[in-house]
Amino acid sequence: MTAGGFSPRAPWVIVLAGVAAALHVGKLPPAVPALQQAMGIGLVQAGFLLSLVQLGAVLLGLVAGLLADGVGLRRCMLVGLALLTAAGLAGAAARDVHELLLLRAVEGVGFLLTTVPAPSLLRRAVAPAQLTRMLGVWSAYMPFGTALALLAGPLLIGVLGWRGWWVLTAAGTAAMLLWLPLVVPRDVRAPAPAAGAPAAEPWHRRLATTLRAPGPWLAALTFAVYAAQWLAVIGFLPTLYQQSGWGGALGAVLTATVAAVNMVGNIGAGRLLHRGVHARTVLWSGFVAMAVGAWLAFGSATVDAPVLRYGGALLFSTVGGLIPGALFALAPRVAPGEGHIATTVGWMQQWSAIGQMSGPPAVAWVASRVGSWDWTWAVTGAYAAAGLVLAWALQRHGLRR
């Protein structure tokens, strides 16, 4: 065990727990065709199935952060993994789309409780000199889990059906539920303050301190406009490629690759910030690339250039991955204090979820009204423009020196 009782494997197990949680988010896109056939769901219903997993974060992101800071980071992760496992198994037995929608919301709560405490746990588990880079690695949990789901999902759904696919993803979080306690030490309650010493900050004061600071707000809103774009584009790529004749294994590989390359930006952001590149430069690069990439991937000008369209999707995801990598790495700096990091991350997750709730239905609505995907870039471009302004404000007002 390292100092503090953490196993040397603990940082990587924490990241793997995030990946297992992300599989529950990413399991839906490859299952959309099977669910449409089995339950007759429409395109907008599919959009809500994609985004409802974030309902828990929309409602409870800040609460989860306060809970993690107040009652224990490890305990929060274990409860989250247990909820994901239970909801996944129950989802495999769902009889209609309404039950599935409800259980996706429960999975959202589990996802939130699993992922919000992770940056604070990593801060305790790694040396300070390695923290920025490790937080960049952590930010790759979502694209890695999504890419794995998009790649393996179609094959496994073909063999096991979508219900078997739900059981398999639940088994992944069950495995992490057993592994995490072996490498992460129990939460230790802070000792009672000595006579005359200030008492520990109560939750309501911790909440007020976090929400009064500009940094958590700016980081959270920046995450929201990123997440709205990313899930909308990645979530509907399998459907788009199937309509373009790129179904089956080819469509799965193409979509999974687009999701996977997001990790390049995630990890690269931590390295760039570690080397002193300004956060605004990193974030601006990501948002500009997402705007250009979405136009290339969906715009009518490239409809007869499939290679160029695919290159746009790769650009969108690869360079866009700088944004979450930078924001997770910046979380300890924008938080108003050491005891507010998980609360700040919870606020970021809450607004990320709001973005993910709004993005897929907005894109699906525009596609349904237009009758094609040609104007998807206009929706994502509006989010990207907002991101440029927020990144400027974050650099100017949000970062503690």
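This passage walks through the confidence of the model, two buried loop residues, one helix and one helix pair.

The structure is a predicted model, so it makes sense to begin with how sure the predictor was. Across the chain the mean pLDDT comes to 84, with 89% of residues at 70 or more. Confidence peaks in helix α5, at 94, and bottoms out in helix α3 (residues 43-52), where the mean is 70. Then there is the stretch 191-199, over which pLDDT stays under 50; for these residues the model has two contacts beyond four places in sequence.

The loop that comes after α5 (73-91) and leads to α6 (97-115) holds Ala94. With a relative accessibility of 1%, against a cut-off of 20%, Ala94 counts as buried. Its surroundings, setting aside neighbours within four places in sequence, are Met39, Glu99, Leu100, Trp162 and Arg163, all of them in contact with Ala94. Arg163 sits 69 residues away from Ala94 in sequence, yet their C-alpha atoms are 8.7 Å apart.

A second loop, running between α8 (131-138) and α9 (141-183), is home to Ser139. Here the relative accessible area is 3%, so Ser139 is buried as well, being under 20%. Beyond four places in sequence, Ser139 touches Asn266, Pro324, Gly325 and Phe328. Two helices supply these partners: Asn266 lies within α13 (residues 262-274), while Pro324, Gly325 and Phe328 fall within α16 (residues 322-334).

As for α13 itself, its 13 residues reach 19 Å from first C-alpha to last, close to the 18 Å expected at 1.5 Å a residue. Asn266, the contact of Ser139, is one of the buried residues of α13. The others are Asn262, Gly265, Gly268, Ala269, Gly270 and Leu273. After the helix comes Gly276, with a positive phi near 95°.

That leaves α16, which packs against α17 (residues 341-370): the two axes come within 9 Å and cross at roughly 135°. An angle of that kind is neither under 35 nor over 145 degrees, and it lies outside 65 to 115, so the pair counts as oblique. In handedness, α16 passes α17 in a right-handed crossing. On the α16 side the contact is made by Leu327, Phe328, Ala331, Pro332 and Val334, and on the α17 side by Ile341, Thr344, Val345, Met348 and Gln349. Phe328 thus turns up twice, touching Ser139 and taking part in the contact with α17.

Definitions and conventions. Residues numbered from 1 in each chain as written. Predicted model: local features only at pLDDT ≥ 70, side-chain atom pairs only at ≥ 80, totals over all residues. Heavy atoms only, no water. Helix = DSSP H or I, 4+ residues; strand = E, 2+ residues; numbered from the N terminus. Buried < 20%, exposed > 50% of the residue type's maximum accessible area, 1.4 Å probe, protein only. Contact = heavy atoms within 4.5 Å. Expected span 1.5 Å × (residues − 1). pLDDT = per-residue confidence, 0-100. Axes fitted to C-alpha atoms, helices over the stretch in contact; angles between N-to-C directions. Left-handed = near helix turned anticlockwise from the far one by under 90°.
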